[in-house]
Amino acid sequence: MKGILENHPLFLSVFLCVAGVAGCAWGVRPEINDLIHLEAFPDDDFRWKVMGLVSLSLVGTFVWDRLITAIFAPEIWATMVSEAKKTTLKDVTPVLMTAVKVAGGFFLLAQGNLLLIGGLAW
């Protein structure tokens with residue numbers, strides 16, 4: 001299995017899921033929340049708590065995967081560490097550019113201006 005830097009569909013799915021949860025949590029498009037029967041959060045503290053739990057779940061899954069790999073497959077772990085040390089900014093740039101494009105798309109959708117979206121697409 002490829003890592004998140006080489007596997008764009010994996011990166012996009014994780015990024016879009018987190019962005020979707022954040023968009024629903026902050027009520028960027030209230031009609032979408034109504035469509036999927038979500039209620040508004042009672043306050044910002046609860047909203048940040050939910051986003052913190054989502055972040056903790058993602059980070060915890062990553063850490064648990066690496067820990068189990070280090071314990072049960074030390075030779076694979078050593079290879080992973082050596083490959084991670086070789087990672088440069090050039091390797092991360094395509095992923096960052098994709099993240100910027102997706103964030104820009106979400107920003108345009110949040111504006112609700114179809115003329116602006118159509119003009120940029122044209």
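What covers the buried residues of α3? I'll come to that after a word on the helix. Keep in mind that this is a predicted model.

Helix α3 runs over residues 44–72, which is 29 residues. From its first C-alpha to its last it reaches 42 Å, close to the 42 Å expected at 1.5 Å a residue. Its buried residues are Arg 47, Met 51 and Thr 69. The cover over them includes α1, residues 8–26, and α4, residues 74–85. That answers the opening question, and I'll take those two helices in turn.

Start with α1. Two packed helices are described by the angle between their axes and the distance between the axes. For α1 and α3, the axes cross at roughly 170° and come within 10 Å. An angle over 145° counts as roughly antiparallel, so α1 and α3 are roughly antiparallel to each other. On the α1 side, the residues in contact are Val 14, Val 18, Val 21, Ala 22, Ala 25 and Trp 26. On the α3 side they are Arg 47, Trp 48, Met 51, Val 54 and Leu 58. Sorted by class, this contact has 10 nonpolar residues, no polar ones and one charged. Two of the names on the α3 side, Arg 47 and Met 51, are also on the list of buried residues of that helix.

Next, α4. Here the packing angle is about 125°, and the axes of α3 and α4 are 5 Å apart. That angle makes α3 oblique to α4. From α3, the contact uses Arg 66, Thr 69, Ala 70, Ile 71 and Phe 72. From α4, it uses Pro 74, Ile 76, Trp 77 and Met 80. The class count is seven nonpolar, one polar and one charged. Thr 69, in this contact, is another of the buried residues of α3.

Now to Arg 47. Where does Arg 47 lie? It lies in helix α3. Is Arg 47 buried or exposed? The cut-off for buried is under 20% relative accessible area, and Arg 47 comes out at 12%, so it counts as buried. Leaving aside neighbours within four places in sequence, Arg 47 is in contact with Ala 25, Trp 26 and Phe 41. Ala 25 and Trp 26 belong to α1, and both are in the contact with α3 I listed earlier.

Arg 47 also has a charged partner. Asp 44 forms a salt bridge with Arg 47, and the closest N and O atoms are 2.2 Å apart. Asp 44 and Arg 47 are three residues apart in helix α3, so about one helical turn separates them. The two ends of this bridge fall into separate accessibility classes: Asp 44 is partly exposed, at 43% relative accessible area, whereas Arg 47 is buried, at 12%.

How many salt bridges does the structure hold? It holds four. The bridge between Asp 44 and Arg 47 is one of them, and I'll mention two others. Arg 29 pairs with Glu 31 in a salt bridge, with 2.6 Å between the closest N and O atoms. Arg 29 is partly exposed, with a relative accessible area of 28%, and Glu 31 is partly exposed too, at 42%. Lys 86 pairs with Glu 83, where the closest N and O atoms are 3.4 Å apart. Lys 86 counts as exposed at 55% relative accessibility, while Glu 83 is partly exposed at 45%.

Two residues outside the helices remain. The first is His 37, in the loop between α2, residues 30–35, and α3. Its phi is near 60°, a positive value in a residue other than glycine. His 37 is exposed, with a relative accessible area of 71%.

The second is Lys 2, in the segment before α1. Lys 2 counts as exposed, at 55% relative accessibility. Not counting residues up to four places away in sequence, Lys 2 touches Asn 7 and Leu 10. Lys 2 and Arg 66 are 64 residues apart in sequence and 14 Å apart in space, C-alpha to C-alpha. Arg 66 is one of the α3 residues in the contact with α4.

To go back to the start: the cover over the buried residues of α3 includes α1 and α4, with α1 roughly antiparallel to α3 and α3 oblique to α4.

Methods: Residues numbered from 1 in each chain as written. Predicted model: local features only at pLDDT ≥ 70, side-chain atom pairs only at ≥ 80, totals over all residues. Heavy atoms only, no water. Helix = DSSP H or I, 4+ residues; strand = E, 2+ residues; numbered from the N terminus. Expected span 1.5 Å × (residues − 1). Buried < 20%, exposed > 50% of the residue type's maximum accessible area, 1.4 Å probe, protein only. Contact = heavy atoms within 4.5 Å. Axes fitted to C-alpha atoms, helices over the stretch in contact; angles between N-to-C directions. Parallel < 35°, antiparallel > 145°, perpendicular 65-115°, else oblique. Nonpolar A, V, L, I, M, F, W, Y, C, P; charged D, E, K, R; others polar. Salt bridge = Lys/Arg side-chain N within 4 Å of Asp/Glu carboxyl O.
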